[in-house]
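Visitor: I should be grateful for a close look at one part of this structure, namely its salt bridges. Please then relate that part to the surface, the pocket and the contacts between distant residues.

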Amino acid sequence: MQNKVVVIATTSPKEAASFLKDGTINYTVLWSPADAGRAMVYLAKMLLDGKRDDIKQGLEIPGLGVPQIDGASILFNKPLLVDGSNCDQFDF
């Protein structure tokens, strides 16, 4: 089925590297751990500074943009796409 079906996975680049390189998996999609860390630290600092009420729709997180905020979920449309050509750049 290789080259007939596109396979997109949600897995770490390191675990999927051999499959990405041989074409078994075309892409893996995830959120960059660095971006996730930046967002969480930014939000934690807001909480520590007593700005809980400012964490709402429309909040801009510097360097990341404006997420969709739904209760306790913070969602960004910034996927990290990994394929056979770039999977070795990631050590996770």
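Guide: What follows is an account of the salt bridges, and then of the other features requested. The model is predicted, and every value given here is computed from it.

Over the whole structure, the search returns four salt bridges. Among them is the pair formed by lysine 14 and aspartate 91, whose side chains meet with an N to O distance of 3.0 Å. Because lysine 14 belongs to helix H1 (residues 13-22) and aspartate 91 to the segment after strand S5 (79-82), this pair ties together parts that lie 77 residues apart in sequence. Lysine 14 has a relative accessible area of 54% and is therefore exposed, the cut-off being over 50%. Aspartate 91 is likewise classed as exposed, with a relative accessible area of 64%.

Helix H1 also supplies lysine 21, which takes part in another of the salt bridges. Its partner is aspartate 88, and the closest N and O atoms of the two are 2.9 Å apart. This pair, too, links distant parts of the chain: lysine 21 is in helix H1, aspartate 88 is in the segment after S5, and 67 residues separate them. Aspartate 88 counts as exposed because its relative accessibility is 58%. Lysine 21, by contrast, has a relative accessible area of 49% and is partly exposed, since the class of exposed residues begins over 50%.

A further salt bridge joins the side chains of lysine 45 and aspartate 49, with 2.7 Å from N to O. Lysine 45 is partly exposed, at a relative accessible area of 47%. Aspartate 49 falls into the class of partly exposed residues as well, its relative accessible area being 41%.

Pairs of residues far apart in sequence may also be described by their C-alpha distances. Asparagine 26 occupies the loop between H1 and S2. From asparagine 26 to aspartate 83 the C-alpha distance is 6.1 Å, although their positions lie 57 residues apart in sequence. With a relative accessible area of 28%, asparagine 26 is partly exposed. Serine 32 is found in the loop between strand S2 (27-31) and helix H2 (33-48). Serine 32 and lysine 78 are 46 residues apart in sequence, and their C-alpha atoms are 8.3 Å apart in space. Serine 32 is buried, because its relative accessible area of 15% is under the 20% cut-off.

The surface also carries a nonpolar patch of about 390 Å², made by Val6, Ile8, Tyr27 and Leu81. Of these residues, valine 6 sits in the segment before strand S1 (8-9). Valine 6 counts as exposed, at 58% relative accessibility.

There remains the largest pocket, which has a volume of about 160 Å³. Its lining consists of Leu43, Leu47, Arg52, Ile55, Gly71, Ala72 and Ile74. Sorted by class, these lining residues comprise five nonpolar, one polar and one charged. The charged member is Arg52 and the polar member is Gly71, because arginine is counted as charged and glycine as polar.

To return to the part requested: helix H1 contributes lysine 14 to the pair with aspartate 91, and lysine 21 to the pair with aspartate 88.

Conventions:
Residues are numbered from 1 along each chain as its sequence is written. This is a predicted model: local features need pLDDT of at least 70, side-chain atom pairs count only at pLDDT 80 or more; totals for chains, interfaces and linings use all residues. Side-chain values use heavy atoms; hydrogens and water are left out. On a 1 Å grid over the protein atoms alone, a cavity is a set of points where a 1.4 Å probe fits but cannot get out, and a pocket is an open set with protein on both sides within 12 Å along at least five of seven lines; lining residues have an atom within 4 Å of a point. Grid points are joined across faces, edges and corners, and a volume is the space filled by probe spheres set on the points. Patches are made of residues with over 30% relative accessible area and no salt bridge: like charges are joined within 9 Å, nonpolar side chains (Val, Leu, Ile, Met, Phe, Trp, Tyr) within 5 Å. Accessible areas come from the Shrake-Rupley method with a 1.4 Å probe; for residues, only the protein chains shown count as cover. Helices (H or I, at least four residues) and strands (E, at least two) are DSSP runs, numbered from the N terminus. Buried means under 20% relative accessible area, exposed over 50%, partly exposed in between (1.4 Å probe, protein chains only).
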